[in-house]
Amino acid sequence: MQTTPNAERYDRLTRSFHWLTVALVIFLFASAQVWDILEKGTPLRKGLQSVHISLGIALAALIVARIAWRLFGGNRLPVITSRTTHLLAKLAHLGLYALLLAQVVLGFGFRWAQDEPFSFFGLFSVPAPFIIDHELSSTLGDLHETVAWAIIILSGLHACIALGHHYLLKDSTLRRMLPAGRKNLQG
Ligand code: HEM
Ligand code: HEM
């Protein structure tokens, strides 16, 4: 073990960023699965796509803020694990950050290549900084979908490991990412 099981909690902003990211990723993935079964051109399908794009812009801002906070402000707690799995855990967290960043870049590129309106709930639009060939649209879309699945698989595994720490190993890994009021969450 690298730390005592009762290591302190992550700071409030780190915890808020983490759970907001989780909520947005789940919504963004689920919305795409739902519109996929809807008929093309229906208002609901179009509405879901524009909410996906607006919340995608929100996720982009969140990821940038989260990484800046992680690098320059938030408290960093050592992973509670043996030396052998320490590197794996670090790599998985780094992989999640990298996939989320890649997904944001692909999402923006995809929309710009589609050459369709790109706005945040109609409040402001995000113009392309340079022209992206319309022909690249389907490649960017395929990559966006592949990365979406990679995020879901890796974060699913990550969530199972967090739950394993809590219910099987009974250490504080999950608890320190939960709101302060959950001190007495029992395994
Ligand atoms: C982790 C975050 C995200 C996930 C899991 C996700 C997932 C998906 C999935 C599965 C699709 C369907 C792909 C297809 O069928 O070809 C899709 C489409 C799309 N996503 Fe995302 N996405 C995310 C973030 C973003 C971001 C940040 C943006 C940019 C604002 C974005 C913009 C788009 C656009 C423009 C489409 C196509 C919509 C259309 O067909 O009109 N996504 N996304
Ligand atoms: C979309 C889903 C998720 C993403 C993208 C995600 C991403 C991340 C990232 C990047 C970190 C590293 C934080 C850092 O040290 O900078 C982290 C930590 C953590 N996540 Fe998640 N996570 C997700 C879902 C979940 C779920 C569902 C749970 C709980 C069941 C969870 C529990 C934790 C815990 C406990 C930590 C702290 C690990 C430690 O202290 O060693 N995560 N998450």
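Around ligand 2 there is a shell of 19 residues, and the closest of them are Val25, His93, Ser155, Ala159 and Ala162. Three helices each give two or more residues to this shell: α1 (12-36), α3 (83-114) and α4 (137-169). Of these, α4 provides the largest share, with 5 residues. Keep in mind, as you look around, that this is a predicted model.

Now turn to ligand 1. Here 23 residues form the surroundings, and Leu28, Ala32, Gly56, Gly107 and Ala148 are the closest. The elements that contribute two or more residues to the shell around ligand 1 are α1, α2 (43-72), α3 and α4.

What classes of residue make up each shell? The table sets them out for both ligands.

| Shell | Nonpolar | Polar | Charged |
|---|---|---|---|
| Ligand 2 | 11 residues | 6 residues | 2 residues |
| Ligand 1 | 14 residues | 7 residues | 2 residues |

Next, let us see how two of the helices meet. Two packed helices are described by the angle between their axes and the distance between the axes. For α1 and α2, the packing angle is about 155 degrees, and the axes lie 9 Å apart. An angle over 145 degrees counts as roughly antiparallel, so that is how α1 and α2 run relative to each other. The crossing in which α1 passes α2 is left-handed. Sorted by class, the contact of α1 with α2 contains 17 nonpolar, 6 polar and 2 charged residues.

Notes. Residues are numbered from 1 along each chain as its sequence is written. Chains are lettered from A and ligands numbered from 1 in the order in which they are written. This is a predicted model: local features need pLDDT of at least 70, side-chain atom pairs count only at pLDDT 80 or more; totals for chains, interfaces and linings use all residues. A residue is near a molecule or strand if its C-beta atom, placed from the backbone, lies within 6 Å of it. Helices (H or I, at least four residues) and strands (E, at least two) are DSSP runs, numbered from the N terminus. Ala, Val, Leu, Ile, Met, Phe, Trp, Tyr, Cys and Pro count as nonpolar, Asp, Glu, Lys and Arg as charged, and the others, Gly among them, as polar. Axes are lines fitted to C-alpha atoms, for helices over the stretch in contact, and angles run from 0 to 180 degrees between N-to-C directions. Angles under 35 degrees count as roughly parallel, over 145 as roughly antiparallel, 65 to 115 as roughly perpendicular and the rest as oblique. A crossing is left-handed if the near helix is turned anticlockwise from the far one by less than a right angle, and right-handed if clockwise.
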